[in-house]
Amino acid sequence: MNDLQKRTWAEISLPNIRHNYEAIRASLPAGCRFLGVVKADAYGHGALPVARLLQEAGADYLAVSCLDEALELRHGGVTMPILILGHTPHEYTQTLIDYEITQTVSALAKAREYSAAATALGRTLKVHIKLDTGMSRLGFLCAGSYFAGGVDNVILSCALPGLDPEGVYTHFAVADEADAESEAYTRAQYRLFCDVINTVYEKGGVRFRLRHCANSGAVVSYPEMALDMVRPGLLLYGYGDRSGRLGLRPCMRLVTTVSTIKFYEPGTSISYGRRYETERRTRMGVLAVGYADGLPRAVSNRCSFAVAGGYAPQRGTICMDMCMADLSELPLAEVGSEVELFGEQNDIYQLSDAAGTIPYELLCSVSKRVPRVYIE
Ligand SMILES: *Cc1c(COP(=O)(O)O)cnc(C)c1O
């Protein structure tokens, strides 16, 4: 980045990502593999740099949400196994095979489509079977009255020519929630997952090499559910470990700068909609960040940012490219000063709580316009 253009940027600490990877890895049972989730541009951190780091650090697998994300990694020289968590139209079966990408199969009808495409090419597509044990999203239905039919459909899918069913997985709905009901729900999901796997083996003789279910919440709270591989995303980026058990470090700082500073008399209305009015003579900073950079408009008048050794309350409606903050109590803040929106000094949860959302959404929302600056 051209320093003179300093506006808003996301500072990404690769050493912290490596630290988190190693801390999570050290917490796993011996022999458990590590799949790093790098979908959505590695939660805004940059899929390629994060994937290269994980490959170099010895991770076993990566996961993305779609074919384009997988191809970006392959074109960037990433050679380790990659699993696509979402749907890929069967027309792309050859691309999946050519690039050695593992595809999720979430229903018998899709298994048949991939099988037909792969056999027509005389080749084999590596797949992971996805079970819906209670997330009610993608996956073979297998809860309650669907159990027997679900088992049969998994067995039929795995027997199809042209498919190599390497793995089986499921996804938890509330593994990151601490209440007793959520714990019971997660344990029931896990039990069902294991029951289906065992029954598929007993009835169909299918034995999966990679059974995995643990997202970040489960890695922290249910280490006994690690099975053959864990599948954390958020943890890698330093969040989702509120208890601090793993000692993770946040990896992204979102930083902007003060564009100008002006003094307003009491009773001056600030920004669109006039939703804030100064109560005293105010030293107001205009910051070079807005909702087009990923700062949610919903936090207007409801957050503060770290600057010059203190915290500046944000004032008035957040605009597309700018917003205002009260610097009256922060005499060291001047034009050009750096302002941390979230990071080491300003916990991302402050902002995500104010926005009524979760850190995931804020990280993914940091937009294309914001340069990523990598700290080696
Ligand atoms: C996104 C995702 C993950 C990672 O979730 P975290 O909560 O970030 O750990 C794991 N598995 C699947 C299927 C996902 O979609």
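C364 is partly exposed, with a relative accessible area of 39%. The model it belongs to is predicted. The closest cysteine sulfur to that of C364 lies 13 Å away, in C66, too far for a bond. Seen from the other side, the sulfur of C66 has C364 as the place of its closest cysteine sulfur, again at 13 Å. C66 is also partly exposed, at 28% relative accessibility.

A disulfide needs two cysteine sulfur atoms within 2.5 Å. The gap from C66 to C364 is 13 Å, so these two cysteines are not bonded to each other. The wider search agrees: 0 disulfides turn up in the whole structure.

Now the chain as a whole. Its secondary structure comes to 11 helices and 19 strands. The C-alpha trace spans about 80 × 45 × 40 Å along its principal axes. The chain has 376 residues, and 55% of them are buried. Buried here means under 20% relative accessible area. Neither C66, at 28%, nor C364, at 39%, falls under that cut-off.

Turn next to the surface charge. D176, E177, D179 and E181 form a negative surface patch. Where does D176 sit? D176 is in the loop between β8 and α8. The strand β8 covers 163-170, and the helix α8 covers 180-204. D176 has a relative accessible area of 52%. Exposed means over 50%, so D176 counts as exposed. Patch members must have over 30% relative accessible area and no salt bridge. D176 clears that area cut-off because its relative accessible area is 52%.

Key:
Residues are numbered from 1 along each chain as its sequence is written. This is a predicted model: local features need pLDDT of at least 70, side-chain atom pairs count only at pLDDT 80 or more; totals for chains, interfaces and linings use all residues. Side-chain values use heavy atoms; hydrogens and water are left out. Patches are made of residues with over 30% relative accessible area and no salt bridge: like charges are joined within 9 Å, nonpolar side chains (Val, Leu, Ile, Met, Phe, Trp, Tyr) within 5 Å. Accessible areas come from the Shrake-Rupley method with a 1.4 Å probe; for residues, only the protein chains shown count as cover. A salt bridge is a side-chain nitrogen of Lys or Arg within 4 Å of a carboxyl oxygen of Asp or Glu. Lys and Arg count as positive and Asp and Glu as negative; His and the chain ends are not counted. The place of a charge is taken as NZ of Lys, CZ of Arg, CG of Asp or CD of Glu. Helices (H or I, at least four residues) and strands (E, at least two) are DSSP runs, numbered from the N terminus. Buried means under 20% relative accessible area, exposed over 50%, partly exposed in between (1.4 Å probe, protein chains only).
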